[in-house]
Amino acid sequence: MEAVVVRAWHKKPGEPVAQGETVVTIETAKAATDIEAPASGVLAEIRVPTDDEVPIGAVLGIIADTMAEPPKQADAPAIPASEQPRCPEPSPEAAPAAPAPPSSPLTSAPVRVPCSPLARRIAAAAGVKLADIPCPARGRIRAADVQAFLATRKNTSAAPLPPGQAGSGHMPYATQPEAAPLVVFIHGFGGDRHGWNPLLRCLDGSFRTLTLELPGHGSNKASPSAYDIGGLADSIAGLLTQQDKGAIHLVGHSLGGAVAILLAADPRLDVRSLTLLAPVGLGPEIDGAFINGFVAARQAASIAPWLRRLVHDPSLVTDAFVNATVRARTDSTVCEIQQHIASALFPDGTQANDLRATLHRLAVPTKVIWGESDRIIPVQHARNAGPMAAVHFLPDTGHLPHLETPAMVAHLLRQIVRS
Amino acid sequence: MTMMRYAEALNQALREEMHRDPSVFLFGEDIARYGGVFKVTRGLMDEFGASRVRDTPISEQTLAAMAVTAAMTGTRPVLEIMYADFVPLVLDALINQAAIYEYLWQGVQMPFVLRTQGGGGAGAGAQHSKALDSLVAHIPGIKVVAPVTPADAKGLLKAAIRDSQPVVMLEHKLLYNQRAEVPDDLDFTVEIGKARTVVEGRDVSIFATSRMVLESQKAAELLARDGISAEVIDLRTLRPLDLPAIKASIAKTHNAVVVNEGWRFCGYAAELSATIMDHAFHELDSPVARVTLPDMPVPYSEPLETAVLPNAEKIAAAARLTLS
């Protein structure tokens, strides 16, 4: 992670703040995080306005004892460099830094990366900084994470990334050398491009990546040309044909999978492989209660149970995950478009589109990946992928393989793209 | 090798050592005519006479002081304290006499054995189910052993009787009927201070004491179904600890679960956990997980007792936690 986006200021300049009060919400690639006031005082200055992106280490604002005091202090880190997006629960000492009167930037001391002693020892022996190692969902680096990091570093060291292009937290567009294959990711219903981040981290520079957003999802607030699966596919095809991307590899999850099937059949595009994660379109069943419940839900209490239904291990649904989802559902345009999509594509809790014939006619190498514990779309649909597709069943995985077992999905993806 | 029960193995150890060394004698409550409440001393009074196998009044404090003085004056007493729950009554003799006389007076030897049994699972209620391992293991100068198998019961008891230092032997009421092969060799002993690898594994080490070793073995089977390879180590001696064995196992698995039937706070498991951190911190890939009795009396009610005692499921859950 190199940058974060300021999502909301909860105080106006001049307003008093109490120590521990939420002053500002920032968004990392994965989750929104509230920054609490490290000291009581007055919000003297906002240095980074809402929706601006800042690098780690920037000062977000200044809390002063009084407004009269000119809050001039040397820049201090605003977001700890080591606070990886996947470490949502930094240790208590990682809370914003102690007050430094008379004025106190909203800063943090460098966060101590939670790490097992063995992992720390291996990292030290290899000369690796812990802050450079992607922190897994458990919030603590273990030996295996260091070893995986060392392995990927070895793999990529042959073709070093251009300076300044490695490991950006913001991944809408490719960050890898032109020669690397371009993999295009299309998220599922109600999701957005950030959902791919755990998987992208596991790919760790293997490919150029492009994460696109369906109409009415994430920051794509446009309506589709038509409220059907073809309309969604047209929107994405439009984004892809605007600039000629050349050969692409498609990865689609759930609804994005259905879109990917249509795109793979689109003669305007040069699709080299197709990877479908629990795709829509291979059978009539779908969990209608989930669709309805999710579409209607606007707050953490009502969203969390549906999010837990998406995964095999409910502990993956962290507060940060729930809050980020709630935040994504505060936009009425987005919600309205999604409502339309849901009623057009999944009327009465049924999948209206049967894409089996389209999929069976495709000549591109196809992989279908499905979690054995998927409660949204029955895993049995994988059997309908046709004789040409490779089908992979992932144990202890629900509807979000790219979040739940990202390393395995990354492995399969490398397989198909490199083949 | 002969197939026998744990209680019979102890009986055999006592008989063999009494034949071997005429200074060995037994005393305790109901051990002579009645043969002990768990029948460990059955038949020994008939064989060795009432002066070497003695029934005593119910006065544990006196019994422990007798053991200390008998040991100081050249005999090898083996004292049975019927329940570990009564160990608090003998602590003065252990802490203020047995453990320090060798230190205070050069040349004094303290070759006595205190056998007792503790632990829950038999519906014996809050006054007869405790595992007070940490109380005795806390005392420098006292060795503490806790055999699980009949063979170890025999071998460790014989080693304890031959030892020149005070040894407390912690038995478990649910182990007395365990049957297994026991060596017949008259000189068979098990070295005090040596752990035993019960199950070899590579993902997580489970260090257990007494009956918890059996539960840990079951836990290893549960874990194996999930593809987790657990190593189970029977510590056998609670003090002195077999540090090389502990360190070697953690160097292999990098994850540790410690299991003891006693209380959690300041308990034996806490000591194990701290020892692991002292000696193998940089091998650890996860925090040491502790499985113990909660800090509460052992309930008499069977379902409640079952709910609070450590068991295979709880041990397996702790092991999974270290791997999560």
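How many residues does the contact take from chain B, and how many from chain A? I looked this up before anything else, and found twelve residues from chain B and ten residues from chain A. A reminder to myself: this is a predicted model.

**Entry: the area between the chains**

I next checked how much area goes into that contact. Chain B and chain A bury about 800 Å² between them, and 43% of that area is on carbon and sulfur atoms. On the chain B side, I noted three names: His282(B), Asp285(B) and Ser324(B) supply 57% of the area that chain B buries against chain A, more than any other three residues.

**Entry: charges and polar contacts**

I counted two salt bridges between chain B and chain A. One that I looked up joins Glu283(B) to Arg121(A), with the closest N and O atoms 3.0 Å apart. I also found ten residue pairs in polar contact between the two chains, counting pairs with both residues at pLDDT 80 or more. Sorted by class, the side of chain B that touches chain A has four nonpolar, six polar and two charged residues.

**Entry: a stop at Ser116(A)**

I then picked one residue to follow. Ser116(A) sits in the loop between strand S8 (103–105) and helix H1 (117–126) of chain A. Is Ser116(A) buried or exposed? Its relative accessibility is 2%, so I wrote it down as buried, the cut-off being under 20%. Its side chain reaches the backbone nitrogen of Ala119(A) at 3.1 Å. Across to chain B, the side chains of Ser116(A) and Asp285(B) are joined by a polar contact of 2.4 Å. Leaving aside neighbours within four places in sequence, I found Ser116(A) in contact with residues of both chains, including Arg140(A), Ile141(A), Leu284(B) and Ser286(B).

**Entry: chain A as a whole**

I stepped back to look at chain A, which has twelve helices and 14 strands. Of its 419 residues, 53% count as buried. Among its contacts between residues at least 6 apart in sequence, 66% join residues at least 24 apart.

**Entry: aromatic rings**

My search of the whole structure gave ten aromatic pairs over all chains. One of them is edge-to-face: Phe189(A) and Phe346(A), 6.2 Å centre to centre with 80° between the planes. Phe189(A) lies in the loop between strand S9 (182–186) and helix H3 (197–203), and Phe346(A) in the loop between helix H9 (332–345) and helix H10 (356–361), so the pair ties together parts that are 157 residues apart in sequence. Both Phe189(A) and Phe346(A) are buried. In chain B, I followed ring pairs that link Tyr6(B), Phe38(B), Tyr83(B), Phe86(B) and Tyr176(B) into a cluster.

Conventions. Residues are numbered from 1 along each chain as its sequence is written. Chains are lettered from A and ligands numbered from 1 in the order in which they are written. This is a predicted model: local features need pLDDT of at least 70, side-chain atom pairs count only at pLDDT 80 or more; totals for chains, interfaces and linings use all residues. Side-chain values use heavy atoms; hydrogens and water are left out. Contact means heavy atoms within 4.5 Å. Buried area is the accessible area (1.4 Å probe) that two parts lose on being put together, summed over both. A salt bridge is a side-chain nitrogen of Lys or Arg within 4 Å of a carboxyl oxygen of Asp or Glu. A polar contact is a pair of N or O atoms within 3.5 Å; within protein, one must be able to donate a hydrogen and the other to accept it, and residues adjacent in sequence count only if both atoms are side-chain atoms. Ala, Val, Leu, Ile, Met, Phe, Trp, Tyr, Cys and Pro count as nonpolar, Asp, Glu, Lys and Arg as charged, and the others, Gly among them, as polar. Rings of Phe, Tyr and Trp (its six-membered ring) pair if their centres lie within 6.5 Å; planes under 30 degrees apart count as stacked, over 60 as edge-to-face and the rest as tilted. Helices (H or I, at least four residues) and strands (E, at least two) are DSSP runs, numbered from the N terminus. Buried means under 20% relative accessible area, exposed over 50%, partly exposed in between (1.4 Å probe, protein chains only).
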